[in-house]
Amino acid sequence: MENYIVFDSGITTSDRIVLEDLVSDIKQFGQSRARGKNKPDGDGAATKSALATLDELNNPKSPAFQPTVFTSKDYDQLHSGRPFRNWLLQTYVGMAQSIVRFESDVVMLTHLLLYFTTTVPSALYLFFWHFTWLHGLAHFMMQISYMGTYTLMMHQHIHMRGILKKRFALFDYLFPYITDPLMGHTWNSYYHHHVKHHHAEGNGPQDLSSTIYYQRDSIRHFLLYSTRFVFFVWLDLPIYFLRKNKRILAAKTAFWELSSYTVLYVAYRLNPKPTLCVFIFPLVLLRLGLMFGNWGQHAFVDEEDPSSDYRSSITLIDTASNRHCFNDGYHTSHHLNPLRHWREHPNSFIKSKALYASQDALVFHNIDYLMITIRLLQKDYKCLARCMIPIGERQLSMSMDERIALLKRHTRKFTREEIEVKFRRQSQR
């Protein structure tokens, strides 16, 4: 069974530790079954060792502590035999740690410097100096490469209410008003929709981005789902807050959405070509991307208990989501505790592994959310089943065909009657 597990060359150190621990569980289960036992042998020493190593990597007081400086490489991969290069790295890390809120988050400053030395000057040049389609489209392609990492950096920002130390609070508060529109976000919409709405509803019946009303392997249903969000979220979200009797939040949401669109309209009237490349193309692409991602994050919903965070979201151990997007693959962990720091997700998963297994939580590897959505729309359940990492006795006992059947059940559209019954049960707990 472990033959299906792939260790990508770009996997993070934390993900490698987690994946090795899960592979160890699979091997132990196979060995126990071969000896006629139902439960694996072992005292959990490997898991305890994995957790201890993860804790050391995150502890600034530990000699093994590793800050994240770049998304592309882990800290221990940055050191070389060149003394000047090592001195430069350590000097930058020390300076950055005096600015960022968490000592591990040097990468946050790295990316702020990247955006303010590439995206902002390029946009200003296109608007106020000289526009060419070659530069405009190259700028848009650059933004495509930035969008995922930036959005998940802002994911940390909106949950923690900042990423820098308090003495930089003014800049920490203001910089999104500059960079958000350049990355396809309307002002404050991510915070209002994600924090104040999505986490309050948790993919339930009143979640505007809920997947439960749709057949998650249907192209037609995905198009309906994404089209509604792209064209109507500006209206749906304020109406949602009004229904919840949150008038101030409704007014704020409407104000910032309409303000963003007004600025885009005026900019287009004054200078249409750069407005398309700098603002409008990124806006459309990001909103489609958010729906591709959310569909993948909440495509698999257990009909037995669709309100459970363990059974309505998934965990990914992969390169794209975790290396480049701040451990976004640990989506179940994030829903269980939205304030958990991104570096703590692998630790939390290992610590709660038995609970994940008892809840029949789904874990995948070597695939990201976008590809999960694409594979679902292709109805390629064989690929998804191979990417699934079985945890717990029930999943470990499954054949590949049984995995495929499980995944198909979890993508089924819920009827209105089922939703009323199952989520009424949740409200009565």
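**View A. H6 and helix H14 (331–336) in the lining of the second largest cavity.** In this predicted model, local features need a pLDDT of at least 70 and side-chain atom pairs count only at pLDDT 80 or more, whereas totals for chains, interfaces and linings use all residues. Residues are numbered from 1 along each chain as its sequence is written, and side-chain values use heavy atoms, with hydrogens and water left out. The elements named here are DSSP runs numbered from the N terminus, helices being H or I runs of at least four residues and strands E runs of at least two. H6 and H14 each supply at least two residues of this lining, and H6 gives the most to it, with five residues. The second largest cavity holds about 120 Å³ of space, and of its 15 lining residues His155, Phe326, His334, Trp342 and His345 lie nearest its centre. On a 1 Å grid over the protein atoms alone, a cavity is a set of points where a 1.4 Å probe fits but cannot get out, a pocket is an open set with protein on both sides within 12 Å along at least five of seven lines, and lining residues have an atom within 4 Å of a point. Grid points are joined across faces, edges and corners, and a volume is the space filled by probe spheres set on the points.

**View B. The lining of the largest cavity.** The structure holds four cavities of 30 Å³ or more, and the largest of these has a volume of about 260 Å³. Among its 20 lining residues, Thr12, Ser14, Thr68, Asp74 and Arg343 are the closest to its centre. Helix H1 (13–34), helix H2 (45–58) and helix H13 (319–323) each contribute at least two residues to this lining, which divides into seven nonpolar, nine polar and four charged residues. In these classes Ala, Val, Leu, Ile, Met, Phe, Trp, Tyr, Cys and Pro count as nonpolar, Asp, Glu, Lys and Arg as charged, and the others, Gly among them, as polar.

**View C. The largest pocket and the two domains that contribute to its lining.** About 990 Å³ of space lies in this pocket, and of the 41 residues that line it, Thr151, Leu152, Gly289, Leu290 and Gly293 lie nearest its centre. H6, H8, helix H9 (219–243), helix H11 (272–297), H13 and helix H17 (369–377) are the elements that give two or more residues to this lining, with H11 giving the most, eleven residues. By class, the lining comprises 17 nonpolar, 20 polar and four charged residues. At least three lining residues come from each of domain 1 (2–35 + 43–65 + 300–425) and domain 2 (191–285), whose bounds come from an automatic or database domain assignment. The centres of domain 1 and domain 2, taken over C-alpha atoms, are separated by 29 Å, while 18 residues of domain 1 are in contact (heavy atoms within 4.5 Å) with 18 residues of domain 2.

**View D. Met108 in the largest nonpolar core.** A nonpolar core is a set of buried Ala, Val, Leu, Ile, Met, Phe, Trp, Tyr and Cys residues joined through side-chain atoms within 4.5 Å; buried means under 20% relative accessible area, exposed over 50% and partly exposed in between, with a 1.4 Å probe and protein chains only. The largest core has 30 residues, and Val69, Met108, Met153, Ile163 and Phe326 are those with the most contacts inside it. Helix H3 (83–97), helix H4 (106–117), helix H6 (133–160) and helix H8 (189–201) each supply at least two of its residues. Leaving aside neighbours within four places in sequence, Met108 is in contact with Val100, Met153, Gln156, Ile163, Phe326 and Trp342. A second, separate core of 25 residues includes Ile5, Val18, Ala50 and Leu57.

**View E. Helix H8 and the loop that follows.** H8 is mostly covered, with ten of its 13 residues buried, including His192, His193, His194, His197, His198 and His199. The cover over these buried residues includes H6, H9, helix H10 (247–270), H11 and H14. H8 is followed by Gly202, whose phi is positive, near 55 degrees. Asn203, in the loop between H8 and H9, has a positive phi of about 65 degrees although it is not a glycine, and Asn203 is buried, with a relative accessible area of 0%.
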